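User: I'm new to this one and would like to understand the words used to describe it. Could you walk me through them?

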Amino acid sequence: MTATLPERPAAASVAPAPPPERPRTRRTPLTWYRGGGLANLLFVLPMVFVFFFFSWSPIVQSVIMSLQKTNLIVSEWVGFDNYIAVLSDPQLGRAVINTLYFALLALLFGFPLPLFMAVLMSEVRRGKGLYSALAYLPVVIPPVVAVLLWRFFYDSSPNGVFNTALSWFGIPPQPWISSAVQAMPSLVLEATWAAAGGSIIIYLAALLSVPPELYDAAEVDGAGIWRKVWHVTLPQLRGILFIMLILQVIATAQVFLEPFLFTGGGPAGATKTILLYIYDKAFRNSLGGDYGEATAVSVLLAIVLAILSWLYFKLTNRWSTS
């Protein structure tokens with residue numbers, strides 16, 4: 001008989017011991033100095049100073065001025081009287097309504113149009129660079145020159161440029177910016193033409209990040225161009241769409257150039273926006289207006305836009321990243 005050796009018990013698996021924790025060094029001014037903290041501070045300090053001087057300092061001065069009755073020469077502390085005065089002014093309510101009307105028209109026409117044009121241009125096989133340059137051309141034109149050019153186009157006489165084009169189709173001459181009804185849509189049309197080029201370039205750059213495999217899979221499933229846009233392009237561009245939307249809302253809430261140069265707020269106050277109301281408050285006569293009330297409206301507008309932006313990003317944060 002052969003003797004069998006007893007089996008050795010299996011070695012129990014022992015988890016490796018965690019590495020010992022390093023002792024935390026206590027942060028002191030000396031360790032901060034030895035770690036290069038002073039050099040970093042000296043490097044950042046000029047940028048912080050420039051940012052504070054040109055950004056935060058005007059904001060603080062504006063808040064202080066909104067609590068004063070001043071013409072920039074003589075100042076008198078009045079507290080919240082400026083806010084009470086502008087909030088009880090019926091012209092401010094009319095300016096808010098006009099601004100909301102402009103923003104609504106600009107979002108309905110000016111927001112989807114650049115995306116539509118960018119999608120069409122992305123499908124073009126030849127001459128894409130030429131089309132991009134032509135789309136961006138209105139942005140290159142100085143805004144004042146563009147407005148004065150369109151003012152010439154909006155001539156309400158039968159010999160006006162747009163009215164002449166309408167006569168080819170049997171449409172009678174239109175008053176355009178001379179009409180209280182058509183003035184605001186006319187301003188929105190020019191503003192959309194002037195700003196669409198920048199949005200088109202941004203959308204074209206964003207479309208390059210969409211994986212081509214998604215379009216190939218959609219084509220295999222028999223999807224046409226509009227189904228590919230709806231099920232592939234728009235979901236992939238959710239983040240940039242949300243950013244562009246809030247930027248356009250902020251820009252339309254601060255519209256000034258078009259109503260100032262086209263109509264001066266007329267006819268009959270139909271195009272007087274919030275910024276034009278602020279301008280009239282501050283510069284309504286040669287001696288200067290009430291800068292305190294004008295600044296109070298500016299502060300209120302900034303607060304409303306800040307709250308709107310915060311709520312917008314809070315509500316769309318999950319949608320833009322999911």
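User: Why is W176 called buried or exposed, whichever applies?

Analyst: Happy to help, and please keep in mind that this is a predicted model. W176 has a relative accessible area of 15%, and buried means under 20%, so W176 counts as buried. You will find W176 in the loop between helix 8 (161-167) and helix 9. Its phi is positive, about 55°, although W176 is not a glycine.

User: What makes A268 buried or exposed?

Analyst: The relative accessible area of A268 is 70%. Exposed means over 50%, so A268 is exposed. A268 lies in the loop between helix 13 and helix 14, and it has a positive phi of about 55° without being a glycine. P267 is in the loop between helix 13 (257-262) and helix 14 (274-283) too, and a cis peptide bond with omega of about -5° joins G266 and P267.

User: Why does Y101 count as partly exposed?

Analyst: Y101 has 36% relative accessibility. Buried would need under 20% and exposed over 50%; 36% falls in between, so Y101 is partly exposed.

User: Where is Y101, and what is it in contact with?

Analyst: Y101 sits in helix 4 (residues 90-110). Leaving aside neighbours within four places in sequence, Y101 is in contact with M184 and P185. Y101 and T252 are 151 residues apart in sequence, with their C-alpha atoms 9.8 Å apart in space.

User: Why are helix 4 and helix 9 called oblique?

Analyst: Two packed helices are described by the angle between their axes and the distance between the axes. Here the axes of helix 4 and helix 9 (residues 183-207) come within 9 Å and cross at roughly 50°. Angles under 35 degrees would count as roughly parallel, and 65 to 115 as roughly perpendicular. The crossing angle fits neither range, so helix 4 and helix 9 are oblique to each other. The crossing of helix 4 with helix 9 is right-handed.

User: Which residues make that contact, and how do they divide by class?

Analyst: Helix 4 brings N98, Y101, F102, L105, A106, F109 and G110, while helix 9 brings M184, P185, L187, V188, A191 and T192. By class, the contact has ten nonpolar, three polar and no charged residues. Gly counts among the polar residues, so G110 belongs in the polar class.

User: What makes a group of residues a nonpolar core, and how many residues has the largest one here?

Analyst: The members must be buried residues of nonpolar kinds such as Leu, Phe and Tyr, joined through side-chain atoms within 4.5 Å. The largest nonpolar core has 20 residues, and Y203 and L237 have the most contacts inside it. Helix 9 gives the most to this core, with five residues. Helices that each supply at least two of its residues include helix 5 (112-123) and helix 12 (238-253). Y203 touches F111, P114, L115, A118, L241 and M244, not counting residues up to four places away in sequence. A second, separate core has 16 residues, among them V147, L166, V255 and F262.

User: How many helices and strands does the chain have, and what share of it is buried?

Analyst: The protein chain has 15 helices and two strands. Of its 322 residues, 33% count as buried. Among contacts with a separation of 6 or more, 63% involve residues 24 or more positions apart.

Notes. Residues are numbered from 1 along each chain as its sequence is written. This is a predicted model: local features need pLDDT of at least 70, side-chain atom pairs count only at pLDDT 80 or more; totals for chains, interfaces and linings use all residues. Side-chain values use heavy atoms; hydrogens and water are left out. Helices (H or I, at least four residues) and strands (E, at least two) are DSSP runs, numbered from the N terminus. Buried means under 20% relative accessible area, exposed over 50%, partly exposed in between (1.4 Å probe, protein chains only). Contact means heavy atoms within 4.5 Å. Axes are lines fitted to C-alpha atoms, for helices over the stretch in contact, and angles run from 0 to 180 degrees between N-to-C directions. Angles under 35 degrees count as roughly parallel, over 145 as roughly antiparallel, 65 to 115 as roughly perpendicular and the rest as oblique. A crossing is left-handed if the near helix is turned anticlockwise from the far one by less than a right angle, and right-handed if clockwise.
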